[in-house]
Amino acid sequence: MSPKRTFVAALLVALASFLPAALHAATAPPLGPDTARLHYHRPRADYEGWGAHVWDGAKAETPWGGAAQPNGRDDFGVWWDVPLKAGAERLGVIVHKGDQKDPGPDQFLDLTKQKEAWIVSGKNELSYTRPDVAALAFGDLSRAKAHWVNRNTILWAVPPTEGATFFLHGSPTASLRVTTAGVTGGDTVPLSVERESSPELFANFPYLKGYTILKLSIPDQARSQAWLKHQLAVSVRYPDGSGDATSLQIPGVLDDVCRWRGALGVTWAAGTPTVRLWAPTAQKVRLLVFDGPRTAQPSETVEMTRESWTYVAQGKPAWKGKYYLYEVTVFTPSTMHIETVTATDPYSRGLSRNGERTLFVDLDDPATMPEGWKQMKKPALAALEDAVVYELHVRDFSISDATVPAAHRGGFLAFTDASDGTKHLRTLAEAGLTHVHLLPAFDFATVNEDKSTWRDAGDLSQYPPDSDQQQAAAQKLRGVDGFNWGYDPHHYGVPEGSYASDPDGIARIVEFRRMVQSLSALGLRTVMDVVYNHTHAAGLAPASVLDRIVPGYYQRLNADGAIENSTCCANTASEHYMMHRLVRDDLMHWAQDFRVDGFRFDLMGHHMRGNLDAWRGALDTLTLEKHGVDGAKILMYGEGWDFGEVSGNKRGVNATQPNMAGSGVGTFNDRIRDAIRGGSPFTDRREQGFATGLFTMPGEFNRGGEGDKSKLLGLCDRIRVGLAGNLRAYAFTDARGNATTGGALGGTGYASMPREAVNYAEAHDNETMWDKIMMAAPASATLAQRVRMQMLALSVPALGQGMPFFHAGGELLRTKSMDTDSYDSGDWFNRVDWTLTTNHWGMGLPGADKNKDRWPMMKPLLARKDLTPGRAELTLSSGAFADFLRVRRSTPLFRLHTADDVSARVKFMNTGPMQIPGLIVMTLADGVNGLPSLGSPWKRVIVLFNSNPGEVTYAYPGFTQVAFALHPAQASGADPVVKGAKFDRAKGSITVPGLTTTVFVAE
């Protein structure tokens, strides 16, 4: 096609969207039987690449990567005809272009009502009558494509055509409407186009680079800022009569004009509360005070006074112990109306059941403190590098522990009892464990705190070990039992009510403090899993808090103004100042008021590096003398994954693994995890790794041979880098015999100091290590060999530089019946037995929704009685794990603080192309020229990780000059096999048993 014809064709396509619908000749044919029809309209008629993903009632579900193309086009837009299953009552649909969804959430057509529906781009609704879309050619206020980024600047991705006129519109009654004549129904001020831009303008908005810059005149700035409480829009009119209009995203201008640095929530002075809420877009706020958690009507209604960008109310001493809600009148983009809604306090410090009301509570009130709370002393921690972390779910810890009083099982108080569980924790603490990391223990939305409603699947042991009946019983009770991991934030600053004896009042506060106090008495510090990257709900949904009060601010929005949900829920925007501040205040609150010793950030990569630096800096200001807390000893680590709308630094430098180098904040090291286990969470679970028999014990997926040998040597290099703190600059010899560094090894090394690497083999996500072994090990592998694989896997993070991280029960061969995601699988699949009697292998097939495609592989494994560990195996594994912790604690050589120390003191032998496959030999030295002694009891330590099934002998001439002996912790430890390791000084060799990690030391 010639350039001229191309231009004419493009012009005709563009003009088509502005023509009256009556001029389109095509009409859809009559609807056929057993078929649904979905109509779809895009105002600019840009349908190329857009398809439909259909499921549920569809006769054939469309794959996500192969969306159904439209069956036709009429004067409304395009349509799809979808064949239906017999008797289908609803049809699920997502219109999408690749991974871009329009509008985003799943939509469902009620087939009992009608089999035809209309979808308008950007609108989250299915219409059962054809909408009028004529005015959409002149704009769509249901989308917010423009951004008011500071007091006098608006950015909008429209061409600044010569002669175009731009306007800002505001309406206090939300009466703005798009017509063919433009935007009507409110006040208007003109905007001018600025042709020049500065780098500073886009520094905070890199994803808006290239947008047209629109400016408010100085006289209009003050006037328009008063409109922040209004519905807002911008419009453009072109000389040819065409135009466009869109709503505004306003977080930028709120940060520029309305940020607040004073107190928020409830503050107390002489027993009297003051209540303050940041609500810059609210037209009115009232405080509703309730005498009880569920009293029908407020006993007092107080008009809150606007002060700057907040609303404030002076309270009464009698309010202590009562409850309150805010009644907020505010423009709400999700409904396009001025709404009057009630909301709890984002700064809640106490709650009623299910977070329905905020409690007036003073956390300095002695009534909220267990006896001895203020005198509590934390276990010693000389440096962050000494931390060893154990990840534990509050409910899992005790729900099946018969030695815990029934009333305490599954809750905070279970940690206060002398039980099998606390006995086990004390044993681990005595061996070298320092921290217990609790999965979400703040108020989350997915468990009903009214325990009278809970239903439990009970004992399902009557079913065969490979049956699908257990998962069917558990799945029926999802949402009505007491189990969920809790990654569904409702209120960040209050302990979870389902873990308390009473979700109303102060019980949850007192009992959380008692838990922290009891863990401290066991010799353990407390880490909280925090989930600031999303909220459970947004808009006017019942569990929404932030988005009810300042709609469109706290949540991160996409290009159309819809809430991003790449984290699975409504993403938050910590790049916005008041969201950043909310997190900072919350961290300080947990550190000071609950003496929490560390924070693990869920999906940390969705925050910015600047957020983490500032939060770290704030915690570092806490001192024992002034605050009762040593903030410098508070751990910070998280998931530095890079995905979603923030990936590749699109929204700024985000908190990913490489970006966090130099921060001192840890990130989970998936490189060492996958090398230990084999494959990844997204590949075939039979894929083998270092600890699961790659090359050394070929399985059904990896058959051995030179290819697997080469792969194993490469994985061993990744593990070596991980053992050296996953340092980017660490220098060593790779499997090919080349001098390289951690960073040069395919990006394996990313840290600049050891504590930035969180080394692990398993966590709550994905299959447990034991379950991975069951799938990856060859069918011929014996139970004893599989147990030793587990011990080998756990030894790697235990004996490496960086922070070792362990999933609770890993030392007990914990199984979840190979469930890849047990977040809502109930107690049956998440149990832990602290008595060393059973690991519960053979609980039945895991939940169908995430695992059914692997059931054929799982079923024969679950049926094998010879793979069921007993007391002997559990005692061996648990004891060997404790020995590894003792080894780590015994010398500072396993806990080096700096990259320079690691580079000088940590070396690897048995490297290069001629190495013995499956053997990693690591040496640690205290006596290094030019470096001071660390005070290690031994000048030299050598660790040999042997993944071969049989014993291996490693010889080195220099060994004849050293008097090595088996480490005392292993020489007198729980593993009889490791005691068979031999050092032959005359031959200069060390012999290591199969599937064993051996530590030798020399004076």
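**Exercise 1. Classify the exposure of Met336 and describe its backbone.**

Step 1. Met336 has a relative accessibility of 21% and therefore counts as partly exposed. The scale calls a residue buried under 20% relative accessible area, exposed over 50% and partly exposed in between, with a 1.4 Å probe and protein chains only.

Step 2. Met336 sits in the loop between S23 and strand S24 (337-343). Helices (H or I, at least four residues) and strands (E, at least two) are DSSP runs, numbered from the N terminus.

Step 3. The phi of Met336 is positive, about 65 degrees, although Met336 is not a glycine. Most residues other than glycine have a negative phi.

A word on the source: this is a predicted model, in which local features need pLDDT of at least 70, side-chain atom pairs count only at pLDDT 80 or more, and totals for chains, interfaces and linings use all residues. Residues are numbered from 1 along each chain as its sequence is written, and side-chain values use heavy atoms, with hydrogens and water left out.

**Exercise 2. Find where Asn766 lies and state its phi.**

Step 1. Look in the loop between strand S38 (757-759) and helix H15 (769-776), where Asn766 is found.

Step 2. Asn766 is not a glycine, yet its phi is positive at about 65 degrees.

**Exercise 3. Decide whether the peptide bond from Asp102 to Pro103 is cis or trans.**

Step 1. Omega is near 5 degrees, and the bond from Asp102 to Pro103 is cis. Most peptide bonds are trans.

Step 2. Pro103 belongs to strand S6 (residues 100-110).

**Exercise 4. Compile the surroundings of Pro317 and of Leu84.**

Step 1. Pro317 is placed in the loop between strand S22 (310-314) and strand S23 (323-332). With a relative accessible area of 52%, Pro317 is exposed.

Step 2. Leaving out residues up to four places away in sequence, Pro317 touches Gly271, Thr272 and Pro273. Contact here means heavy atoms within 4.5 Å. From Pro317 to Asp362 the C-alpha to C-alpha distance is 11 Å, and the two are 45 residues apart in sequence.

Step 3. Leu84 is in the loop between strand S4 (78-83) and strand S5 (90-97). Its relative accessibility is 9%, so Leu84 counts as buried.

Step 4. Not counting residues up to four places away in sequence, Leu84 touches a set that includes Asp34, Thr35, Gly57, Lys59 and Leu111. The C-alpha atoms of Leu84 and Lys59 are separated by 4.6 Å, with their positions 25 residues apart along the chain.

**Exercise 5. Work out what the side chain of Asn830 meets.**

Step 1. Asn830 lies in helix H17 (residues 826-830) and, at 1% relative accessibility, counts as buried.

Step 2. Its side chain makes a polar contact of 2.8 Å with the side chain of Ser822. A polar contact is a pair of N or O atoms within 3.5 Å; within protein, one must be able to donate a hydrogen and the other to accept it, and residues adjacent in sequence count only if both atoms are side-chain atoms.

Step 3. A polar atom of the Asn830 side chain also lies 2.8 Å from the backbone oxygen of Gly826.

Step 4. Setting aside neighbours within four places in sequence, the contacts of Asn830 include Asp396, Phe483, Trp485 and Arg814.

**Exercise 6. Describe how H16 packs with H20.**

Step 1. Helix H16 (residues 783-798) and helix H20 (residues 871-890) have axes 10 Å apart and pack at about 20 degrees. Axes are lines fitted to C-alpha atoms, for helices over the stretch in contact, and angles run from 0 to 180 degrees between N-to-C directions.

Step 2. That angle makes H16 roughly parallel to H20; the term covers angles under 35 degrees.

Step 3. Among the residues making the contact are Val787, Met791 and Leu794 of H16 and Leu876, Phe881 and Phe884 of H20.

Step 4. By class, the contact of H16 with H20 has 10 nonpolar, 3 polar and 3 charged residues. Ala, Val, Leu, Ile, Met, Phe, Trp, Tyr, Cys and Pro count as nonpolar, Asp, Glu, Lys and Arg as charged, and the others, Gly among them, as polar.

Note on methods. Parallel < 35°, antiparallel > 145°, perpendicular 65-115°, else oblique.
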